[in-house]
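Please look over the fold below with the sequence at hand. The report that follows takes it element by element.

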Amino acid sequence: MLLRVCCPSSFFYLRPLHLFSSTAKIPFCPSLPRQFRLSPSRSSSFRRMESSPASSSSPTPVTDSSADTLAKDLQNQSLGAVDEGGKIKKKLEDFNWDHSFVKELPGDPRTDVISREVLHACYSKVSPSVEVDDPQLVAWSESVAELLDLDPKEFERPDFPLMLSGAKPLPGAMPYAQCYGGHQFGMWAGQLGDGRAITLGEVLNSKGERWELQLKGAGRTPYSRFADGLAVLRSSIREFLCSETMHCLGIPTTRALCLLTTGQDVTRDMFYDGNPKEEPGAIVCRVSQSFIRFGSYQIHASRGKEDLDIVRKLADYAIRHHFPHIESMDRSDSLSFKTGDEDDSVVDLTSNKYAAWIVEIAERTATLVARWQGVGFTHGVLNTDNMSILGQTIDYGPFGFLDAFDPSYTPNTTDLPGRRYCFANQPDIGLWNIAQFSKTLAVAQLINQKEANYAMERYGDKFMDEYQAIMSKKLGLSKYNKEVISKLLNNLSVDKVDYTNFFRLLANVKANPNTPENELLKPLKAVLLDIGKERKEAWIKWMRSYIQEVGGSEVSDEERKARMDSVNPKYILRNYLCQSAIDAAEQGDFSEVNNLIRLMKRPYEEQPGMEKYARLPPAWAYRPGVCMLSCSS
C-alpha cells in the first residue's frame, strides 16, 4: 500500500503567527466546524481479591474490635499501610507489578547484551549492569512516590540507592530494554532502541493506574551499539529537574522518581571534539504510563511483511492499556467527519479504531507542542524515536527554555547547521513526525490514506486552536487578536526581549487609555533594555493597541493580572540555573539542585526571597555547554 503524505515542512507551515507572511496558507481546512475530543488515557481499573483466612475446626469468636484489626491487617498485607489521610503507603517489596508489555508482546529470545539487530521483537530482557561504589540518593520526588503509593520513608532505606540503581534486584521486577527505530534529523536511522535505559516493569497503583519504572544509565543493552549504557551526573540532573518542572508548569511529561550518583566516573566527550574527560556517573529513575514511541512502530514496519503483524499487536496493546475508551466506541457515537480533500470524502472514526487512535495521538501531540511554544520550551531533538504516543514530553537531552526571544534558537549544537529543531520549527516538526507515524500505520494496513491525512488535518486544527488560546491567555485577552499578538512577537524578536519576564511584567500594565506616553513602558522597563528612539516608538505604538484591546473587556486590572500570572510563570528552568546546580553537584554539593526542586514546584507563584532565580541570565550563560549542548550524555 502506498501512502502519499503531502506535508513536509516546506509545504505545510504551522509556525506561530509571528513567522507567517500575510499570504501564508494552510493547504487544507476542515470543511465544517467540529471538535473531536477523546477523554484522557486511563488504564483499566482492577480489583484485588483478598482470600479469607482458612477456617478451623474450633473457630475463635470474632468481636467488632478483632474484626476491625483483621480487616486492617489484610488491607496492609495487600495494599500497604494506610496513613491518617487514607493514603496507601507501600514498601518497595509491596509493589503490584503487572508486566503486561513483556507478557503480551513478542520478545527477543536472547538475553545477552551484545550489540546486534534484534528482529521480530518489541523488547529484550536485560538486567541492569551498572557498577556502583557507595551509590547515593541525591534527589527525589514525593509527588511521584505518591503516584506509585510508595511510602516516602522508603527514600531513607540504606538499600534504596542499591535497588533504584539496579545494583540490587528490585523484588518483582522484570527488566527489559525496548526495541525501536526512528528518523533522526529527518533521515531514517534504522534500529535504535533503549541503549542506556532499562525498564523494570509496570506498577499498578491503588487507583488502577499503570506506571512504568525505567532506569536511565543502568548499563548496556543490545541496543547500546558502541556506547557504555551509562549516564553522567550533568545530564541526569537536567533530566530530573526538567521533567518535574514541566509537570509543575502543567505540560504533559514523563516524570522522575529519584536521582542517584553511582560513585563511579564515566568518560564523555561533551562536545565531540576529541577531548573526553571523566565525569561523575548517575542514574535517573524515570516514570511514565508508557515509554512507547512513534519509532516503536516504525522499526517493525520498516522490516517488511514478516513484522507488520507486530505493528498491529503493538497498536492493539497500546489501545487496550492506554486508550481503552477507543475500544468502547461504536457507531452511535457518530464520529464521522468530512475531510478537506477535493472529493469531499468522509472519515468514520467509529469504523476503524486505529484511525481514531492516530487522530487522538495527533491531537495530543499538537496540544503538547502548543504548550511548549507557550512557555518558550525547545526540546532540541525531536526525532521520531523521541515522540511519545501519549503526547508527553520525553527524553530530555539538550533542551532549553528561551531567554531572549529568538525564534531560530536551538539548544542542540548538533542541530546548528540547519536548525531543524529550533523553537519556531517545532510545530512543523510535530506534523512531520505525525506524517511518518501515519505512514507506518498505513504500511501495516491499519489506516488508509484518507484517515492518515485526516489525522494530520486534525493536528493542524488542534495546534492552531491551542496556540491561539494559550497566547490570548498570556496577554490577558478575552479573544484572539492576530494583529496584536503578531506585532508583539515581532517586537520581542527584534529587540531580543526576555520571553518569560516580559509576559510576567505585562500583567502589571493598567488598561488606562489616558496613560501619558512617557509612562506607557514603565511596567516593562526591566526587560526593554537598550532600545533606541525608533524601537521605543514601535513599543509605544504596540502598547497603545494592547491597552485598547484589554480595555474593551469588563475584566478589572487586578483580575486580569491574576489570570495572566496563572499562565505566565515567574520561574522557568533556565539553562544557567541548571548549570550552576550541576557545577556545585559535581563538587558534592546538592543544595542548589534541591533549591531548584523546591522553586519549580510553584513556578507561577512569586515566592518572596527567591527573586534571584528570575533574573536575566548573566553573560557566562551564553557560552557553549550552558545555553547549547550536544546530544552526548
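Which residue takes a positive phi just after helix 5? It is G250, with a phi of about 90 degrees. The model is a predicted one.

**Helix 5**

Helix 5 covers residues 233-249. It has 17 residues, and at 1.5 Å a residue these should span 24 Å. The end C-alpha atoms are 24 Å apart, which agrees with that expectation. Burial is heavy here. Of the 17 residues, 15 are buried, so helix 5 is largely enclosed by the rest of the structure. G250 then follows directly with its positive phi.

**The whole protein**

The protein has 17 helices and 16 strands. It holds 633 residues, and buried residues make up 56% of them. Consider the contacts with a separation of 6 or more: residues 24 or more positions apart account for 74% of these.

**Strand 9 and its partners**

Strand 9 runs over residues 210-216. It is mostly covered, with 7 of its 7 residues buried. Both faces are covered. One side carries R210, E212, Q214 and K216, all buried. The other side carries W211, L213 and L215, which are buried as well.

Which strands pair with strand 9? One is strand 8, residues 197-204, joined to strand 9 by 7 bridges in an antiparallel arrangement. Within this pair, G201 stands opposite L213 of strand 9. Strand 8 and strand 9 form a hairpin, with 5 residues between them. In the turn, G208 has a positive phi of about 85 degrees.

Another partner is strand 12, residues 277-288. Here 5 bridges make the link, and the two strands again run antiparallel. Q214 has R286 of strand 12 as its bridge partner.

**Helix 11 against helix 12**

Two packed helices are described by the angle between their axes and the distance between the axes. Helix 11 (residues 449-475) and helix 12 (residues 482-494) have axes that come within 11 Å. The axes cross at roughly 75 degrees. Angles of 65 to 115 degrees count as roughly perpendicular, so helix 11 is roughly perpendicular to helix 12. Helix 11 contributes Y467, M471, S472 and L475 to the contact. Helix 12 contributes V484, I485, L488 and L489. By type, the contact residues divide into 7 nonpolar, 1 polar and no charged.

**Helix 13 and its cover**

Is helix 13 mostly covered or mostly open? It is mostly covered: 7 of its 8 residues are buried. The buried residues are Y499, T500, N501, F502, F503, R504 and L506. What covers them includes helix 9 (353-375), helix 11, helix 12, helix 14 and helix 15 (557-565).

**Loop residues**

Four loop residues deserve a look. The table gives their places and relative accessibility.

| Residue | Loop | Relative accessible area |
|---|---|---|
| H99 | strand 2 (88-89) to helix 2 (100-104) | 5%, buried |
| D403 | strand 16 (400-401) to helix 10 | 13%, buried |
| Q445 | helix 10 (426-443) to helix 11 | 58%, exposed |
| K525 | helix 13 (499-506) to helix 14 (533-551) | 65%, exposed |

Take the backbone of H99. Its phi is positive, about 60 degrees, although H99 is not a glycine. Q445 is also a residue other than glycine with a positive phi, near 60 degrees. Their surroundings contrast. H99 is buried, whereas Q445 is exposed.

What does D403 touch, leaving out residues up to four places away in sequence? Its contacts are V497, D498, Y499, R574, P617 and Y622. Of these, Y499 is one of the buried residues of helix 13. D403 itself is buried, since its relative accessible area of 13% falls under the 20% cut-off.

K525 is exposed, at 65% relative accessibility. How far is K525 from L505 in space? The C-alpha atoms are 9.0 Å apart, while the two residues are 20 apart in sequence.

Key. Residues numbered from 1 in each chain as written. Predicted model: local features only at pLDDT ≥ 70, side-chain atom pairs only at ≥ 80, totals over all residues. Heavy atoms only, no water. Buried < 20%, exposed > 50% of the residue type's maximum accessible area, 1.4 Å probe, protein only. Helix = DSSP H or I, 4+ residues; strand = E, 2+ residues; numbered from the N terminus. Pairing = 2+ DSSP bridges. Expected span 1.5 Å × (residues − 1). Axes fitted to C-alpha atoms, helices over the stretch in contact; angles between N-to-C directions. Parallel < 35°, antiparallel > 145°, perpendicular 65-115°, else oblique. Contact = heavy atoms within 4.5 Å. Nonpolar A, V, L, I, M, F, W, Y, C, P; charged D, E, K, R; others polar.
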